[in-house]
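Visitor: I should like to take a close look at a single part of this structure, the place where a metal ion is held. Please describe that site and then follow the contacts of charged and aromatic side chains elsewhere in the chain.

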Amino acid sequence: MKNQEIANIFRQIAEILEIKGENPFRIRAYERAALNIESIPEDIEVFVKQDRLKSIPGIGKDLEEKIKEIVTEGRLKYLEELKKAIPEGLIDILKVPGVGPKTAKVLYERLGVRDLVMLERMVHAGRVSKLPGMKKKTEENIIRGIEILKRGHDRMDLKTAMDAADSFVGRLKRLKEVKKIIPAGSLRRMKDTVRDIDILVSSGSPKKIMGKFTTLPDVREVLAKGLTKSSILTKDGIHVDVRVIEDASYGAALMYFTGSKAHNIKLRQLAIKKGFKLSEYGIFKKNKKVAGKTEKEMYRTLGLPYIVPELREDRGEVEAARGNMLPRLVEPGDIKGDLHVHSTWSDGGSSIEEVVKKAMGMGYEYIGITDHSQGLKIAGGLSKEELKLKKKEIDRLSKKYKGIKILFGAEVDIDSDGGLDYPDDILNQMDVVIGAIHSGFKQSRERLTARIIKACQNKYVRIIAHPTGRLWGARDPYEIDLEEVLKACMDTDTALEINSFPQRLDLNDINCRMAKDFGVKMVINTDAHLAEQLEMMRFGIACARRAWLEKKDILNTLSLEKLPL
Ligand code: DGT
Ligand code: CA
């Protein structure tokens, strides 16, 4: 949890510096450090102890000191001083997507807007568009931005939920009274965003469990404490419920609280048809319990094979199960490599060698080193000369590490008209070329669609990265006509990425399922900016499984010789 705390502090610093109009590179440095820190799977305190902070991308001497101060003191003096320089509520206003520091300043100076509540009042009263330099469109954007912000607060990304759940499960497990413990709900279904965490415990001593749970150190507030169910808010504002269930009905409860609600309703209807009654306590025939201890037993009693949690959304899984037509979902062991990884050559924090070692540790056959292209200066994009040097380095490492194929590639920026940031005679030297949009998100749907289609038509582009550009809590997806893009992918043999970064998970499950229906191949990539982040693959796999994808639907389950790059 420390990682998130530090990331939040760095983000706040970036925001205040932004209002103060400081050097954009300095601001970006804090933002980048925040993003990297929150996506490290390990606890940052381990890095402090082992004196490895500088191995994190973007952490130099200065930020190293700051992290140490936060870890040891629990606060950062620099941030406290910065905060004094501006009105408090202005920081919240900056969180509205589409409101930059300049706008925030004008709103404050001309309308006295000091917080979100006032901002909302002013935009709805039409006062903002009357200000010099502001258009009706700005006002509409702010209204939409406030909506995004509110939604972002409502739910968290999957990794945040998983980390929080793991921490509670880890602590509660130590009680000998706990027989079984599993986080259920949307988290168990591996949904990309999660509203709250529902933990189920099987135990004969609920009182002991409730006592422990409600007094754990991460608890900020106990919302309810009952005999078998309690709810708390963590220090990060995450809502966690724990329910204690008897072992005899653990399977029934797990099924019920895993959901989804729609899946449960479907099962209940099926149970009724078969003359049963289904509830969170079990399956009953004329008031006699016939199943309940395990989920497998529950499904079997309903005449169904086991349905994995990722599929339980009432998107045809119950029908498929009845017909024995459930897909054989892709599994972590099927993945043979990661085709989208950054290194220190652009904005990554690990050297190519570190990435290669990590990839070998994961048992991969190949690894694509795809740094940013020249136009993306802020992310350290590579010039043509630097590309040559990078190629040399890859050749050197290829001789040293024979157990893995290191693919020379790039994440090439797609410009505002669909052109690519490197000419064809450079692209043709690469093993893997990924096209990606990093700017012009506000263009019309037609234009954005046309840009992607044009990139697909370039014969060297084999993959489109994070196709809709969404960043959870920060940016809605940009609008594209997915059907048109899918058609273009089919015509040009281009694959679409499932970006495994928890804030992205893009394409999402629903869009991936549509891609599968079209016959478009997907690639599950991590977009790692640090060797450890290759572990994010599991989130992308979860997304693929929720989309019913099988091994054959995914390019990077193919061995190197079969890879159509
Ligand atoms: P979320 O919004 O990310 O927390 O999503 P869930 O699916 O975790 O939803 P939540 O926490 O409201 O409830 C957990 C599970 O409990 C849900 O997936 C299914 C079950 N459940 C909750 N309310 C109902 C209900 O009214 N009917 C049925 N059949 N199941 C319910
Ligand atoms: Ca939930």
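Guide: The calcium ion (ligand 2) has as its protein donors Asp-196 (O), Asp-196 (OD) and Asp-198 (OD), which lie 2.3 to 2.6 Å from the ion. This is a predicted model, and the distances are computed from it. Around the calcium ion (ligand 2), the six donor atoms subtend angles of 68 to 169°, and the arrangement is therefore irregular. For comparison, ideal angles for six octahedral donors are 90 or 180 degrees.

Asp-196 and Asp-198 are both buried. For Asp-196 the relative accessible area is 12%, and because buried means under 20%, the residue falls in that class. Asp-196 also takes part in a salt bridge, in which its side chain meets that of Arg-195 at 3.4 Å, N to O. Side chains of opposite charge can pair when their charged atoms come close.

The whole structure contains 42 salt bridges. One of them joins the side chains of Asp-241 and Lys-229, at 3.9 Å from N to O. Since Asp-241 belongs to strand 7 (residues 239–245) and Lys-229 to strand 6 (residues 229–234), this pair ties together parts that are 12 residues apart in sequence. Asp-241 is buried, with a relative accessible area of 6%, whereas Lys-229 counts as partly exposed at 35% relative accessibility.

A further salt bridge, also given as 3.9 Å from N to O, is formed by the side chains of Glu-353 and Arg-396. It links distant parts of the chain, with Glu-353 in helix 17 (residues 352–361) and Arg-396 in helix 18 (residues 384–400), 43 residues apart. Glu-353 counts as buried at 18% relative accessibility, while Arg-396, at 41%, counts as partly exposed. Elsewhere, a network of salt bridges links Lys-54, Lys-61, Glu-64, Glu-65 and Lys-68.

Aromatic rings form contacts as well: the structure holds five aromatic pairs. In one of them, the rings of Phe-168 and Phe-213 have centres 5.8 Å apart and planes at 70°; as planes over 60 degrees apart count as edge-to-face, so does this pair. Phe-168 lies in helix 10 (residues 158–173) and Phe-213 in helix 12 (residues 206–213), so the pair ties together parts 45 residues apart in sequence. Both Phe-168 and Phe-213 are buried.

Finally, charged side chains also meet rings. Lys-285 lies over the face of Phe-276, 4.9 Å from the ring centre, and Lys-296 lies over the face of Tyr-306, at 5.1 Å from the ring centre.

Conventions:
Residues numbered from 1 in each chain as written. Chains lettered and ligands numbered in written order. Predicted model: local features only at pLDDT ≥ 70, side-chain atom pairs only at ≥ 80, totals over all residues. Heavy atoms only, no water. Phe/Tyr/Trp six-rings, centres within 6.5 Å; stacked < 30°, edge-to-face > 60°. Helix = DSSP H or I, 4+ residues; strand = E, 2+ residues; numbered from the N terminus. Buried < 20%, exposed > 50% of the residue type's maximum accessible area, 1.4 Å probe, protein only. Lys NZ or Arg CZ within 6 Å of the ring centre and 35° of its normal. Donors = N, O, S within 2.8 Å, 3.2 Å for Na, K, Ca; no water. Tetrahedral: all angles 85-135°; square planar, octahedral: opposite > 155°, others 65-115°. Salt bridge = Lys/Arg side-chain N within 4 Å of Asp/Glu carboxyl O.
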